[in-house]
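Biologist: I'm new to reading protein models, so could we go through this one together, bit by bit? I'll ask, and you walk me through the reasoning.

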Amino acid sequence: MTVASGGGRSGPAETLRVFLASWFFTSLYGMTLGEYVRLLRKHHFAVAPAYWPRAAFMAGAGVVNSVVGGHETRVYGPGLADVQIGPPLFILGHWRSGTTHLHNLLATDPQFAYPNVYQVLNPHTFLTTERYSKVLFASPRTRIMDDVPLNAEVPFEDEFATCGTLHSPFLTWAFPRDAEQYHRYLTFREVPESEVAEWMTALTLFYSKLTWKYGRPLLLKSPPHTARIKLLLDTFPDARFVHIHRNPYVIFQSTQRQNQVSLRTMGLQHFDVGRIADVVIERFKIMYDAFFEERSLIPEGRFHEVCFEDLEKDPVGQVERIYDNLGLSGFDAVQSPLRRYVDSITSYRKNTYPELSSSLRRDVGRAWRRNFEEWGYAIG
């Protein structure tokens, strides 16, 4: 699949960063050694030789994380036990539906705190090590899948902080041959209670650390949360939710690209890219079957839905609607930083993709029919 993008990646230093991200570094490097060994054992140590450098890097990082993480638990653990997590605002939506754009827009409001890239990738150690993040965190200046800026401080997906439990669908990209066993963690339905509890303990500990650090309500975004409304409400009954949708055909094309990049930058096994389309279709269906079933559980006044195409045309107006419909205060104060952020991204250019084949359009339209009809997008 060819992709035309904004061209933010250039120069030998950036080329080196992309190479290292593709073959050595990984978004899973924040695991402790014990978590990493459990992951390898679960998959019978079936790491492809091409990814042995990445596997070795993860082992070395795991040793450091175990030592520093133990120190962090001893130092901060007693204080974290008394932290009260305020009602979060969750951004819901499938990968590539505009959740990052919406997260960045809402993150301009200083009444919220959000997890950044460094924190989600270092959940065991960030309270201790984040002061050194400019030295410890080296990545391409933009995401490999597109030209969205990437650095240690930008908002990011809290799901990464739970990967050490081995109960996250993100691990699909590390061991793609066993992808189906991770699909169930999209919804946590028919999952043993012990696994649900382990995952939720990791998530709430991460939120407690953020709350202790910032003392503000959390603004959170991870696509799998779209399928976990009931689970999230059980733990955070006063949470608010904003869901973003986009043309499903565009989501399909962009998610195929995102999966290719994730397999390249997180993978420990080779995977037939010809099977990605089926995985994308299946995971989307699992996610939205749960979403449509559970969204009615959200109390009135705590759910709002936004269309990506409308957000793209009028970001400030659409954010104002979110504030109005969710009963959020402070929009007047956030207008200036919001407009400055919007002005700063006017030169951004989205990826472009070749037209889908007629057979793929038919398959996507058939499998995701309810989404097309629910949101008013044409099939065909």
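## A chat about the model

Modeller: Let's start with Lys221, which is buried, with a relative accessible area of 3%. Keep in mind that this is a predicted model.

Biologist: Okay, which side chain meets Lys221 in a salt bridge?

Modeller: Side chains of opposite charge can pair when their charged atoms come close. Here the N to O distance is 3.0 Å, and the cut-off for a salt bridge is 4 Å. The pair links distant parts of the chain, 64 residues apart, with Lys221 in strand 2 and its partner in the loop between helix 7 and helix 8. That partner is Glu157.

Biologist: Is Glu157 buried or exposed?

Modeller: Buried means under 20% relative accessible area. Glu157 comes out at 9%, so it falls under that cut-off. The word for Glu157 is buried.

Biologist: How many salt bridges does the structure hold?

Modeller: Lys221 and Glu157 make one of them. Another joins the side chains of Arg184 and Glu195, at 3.7 Å from N to O. Arg184 sits in the loop between helix 8 and helix 9 while Glu195 is in helix 9, so that pair ties together parts eleven residues apart in sequence. For the structure, the count is 13.

Biologist: Which residues are linked with Arg189 in a network of salt bridges?

Modeller: Start with one pair: the side chains of Glu293 and Arg189 meet at 3.2 Å, N to O. Glu293 lies in helix 12 and Arg189 in the loop between helix 8 and helix 9, so this pair ties together parts 104 residues apart in sequence. Glu293 is exposed at 53% relative accessibility, while Arg189 is partly exposed at 30%. The network links Arg189 with Glu293 and Glu294.

Biologist: Let's turn to the strands. Which residue is the bridge partner of Leu92 in strand 3?

Modeller: Strand 1 covers residues 89-92, so Leu92 belongs to strand 1 by its number. Four bridges join strand 1 to strand 3, and the two run parallel. In strand 3, the partner of Leu92 is His243.

Biologist: And which residue of strand 4 does Val242 stand opposite?

Modeller: Strand 3 also pairs with strand 4 (residues 303-307), through five bridges, and these two run parallel. Strand 3 is mostly covered, with five of its six residues buried. Opposite Val242, in strand 4, stands His304.

Biologist: What is the relative accessible area of Gln119?

Modeller: Gln119 has its place in helix 5 (residues 117-121). Leaving aside neighbours within four places in sequence, Gln119 is in contact with several residues, including Phe126, Phe206 and Tyr214. Gln119 counts as buried, and its relative accessible area is 0%.

Biologist: Which residues does Ser208 contact, leaving aside its neighbours within four places in sequence?

Modeller: Ser208 lies in helix 9 (residues 193-214). At 10% relative accessibility, Ser208 counts as buried. Its contacts beyond those neighbours are Leu80, Val83 and Ile85.

Biologist: What about odd backbone angles? What is the phi of Leu166?

Modeller: Most residues other than glycine have a negative phi. His44, in the loop between helix 2 and helix 3, has a positive phi of about 55° although it is not a glycine. Leu166 is found in the loop between helix 7 and helix 8, and is buried at 4%, whereas His44 is exposed at 69%. The phi of Leu166 is positive too, at about 70°.

Biologist: Which residues make the nonpolar surface patch of about 240 Å²?

Modeller: A patch residue needs over 30% relative accessible area. Val63, in helix 3, is partly exposed at 42%, so Val63 clears that cut-off. The patch is made by Leu33, Val63 and Val67.

Biologist: Last one: how much of the chain do buried residues make up?

Modeller: The chain has 17 helices and four strands. It exposes about 16500 Å², with carbon and sulfur atoms supplying 54% of that. Out of the 380 residues in the chain, the buried share is 55%.

Definitions and conventions: Residues numbered from 1 in each chain as written. Predicted model: local features only at pLDDT ≥ 70, side-chain atom pairs only at ≥ 80, totals over all residues. Heavy atoms only, no water. Patch = residues over 30% accessible without salt bridge, like charges linked within 9 Å, V, L, I, M, F, W, Y side chains within 5 Å. Areas by Shrake-Rupley, 256 points an atom, 1.4 Å probe, with all protein chains shown as cover. Buried < 20%, exposed > 50% of the residue type's maximum accessible area, 1.4 Å probe, protein only. Pairing = 2+ DSSP bridges. Contact = heavy atoms within 4.5 Å.
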